[in-house]
Amino acid sequence: MCGAKAGGPDLAGVDVAGETIIQGSVTRDGEPVSGYVRLLDGGGEFTAEVPTSATGQFRFFAAPGTWTLRALVPGATVDRTVVATQGAPAEVAIAI
């Protein structure tokens, strides 16, 4: 396992109470995976996309509600449903 902390990026300096945050990490066999994570709305429509960091982490600032995260990495596509609420960051671990 790499030295990165589990879960999403550090929230130091982020107004967590005023934001709706969806974050986490993408791993394969416990190691971070480089790729992209898409944010799809409740109807499956594309909303945003971010690359994973070198430690496999990602973050979105979104509206409260139900979202789908789609991890796109070499050789795999994985979807995860997440319910996001303001003031309580949603941490999503996506294992490929």
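Four strands line up as an open sheet in this predicted model, in the order S4-S3-S6-S7, with antiparallel pairing. The edges belong to strand S4 (46-51) and S7, each of which pairs on one side only. From one strand to the next, the twist averages 20°. As a quick refresher, strands of a sheet pair through backbone hydrogen bonds, either parallel or antiparallel.

**S3 with S6**
- Strand S3 covers residues 36-40 and strand S6 covers residues 65-73, and five bridges hold this antiparallel pair.
- If you want a spot to look at here, try Val 37, which sits opposite Ala 71 in S6.

**S6 with S7**
- On to the next pair: S6 is joined to strand S7 (residues 76-84) by nine bridges, and the two run antiparallel.
- Trp 67 has Val 82 in S7 standing opposite.
- Thr 68 has a threonine across from it too, as its bridge partner in S7 is Thr 81.

**The turn**
- S6 and S7 make up a hairpin, and two residues lie between them.
- Gly 75 is in that turn, and its phi is positive, at about 85°.

**Putting it together**
- S6 follows S3 in the strand order and S7 comes after S6, so to speak of the S7 end of the sheet is to speak of an edge strand that pairs on one side only.

Methods:
Residues numbered from 1 in each chain as written. Predicted model: local features only at pLDDT ≥ 70, side-chain atom pairs only at ≥ 80, totals over all residues. Heavy atoms only, no water. Pairing = 2+ DSSP bridges. Axes fitted to C-alpha atoms, helices over the stretch in contact; angles between N-to-C directions.
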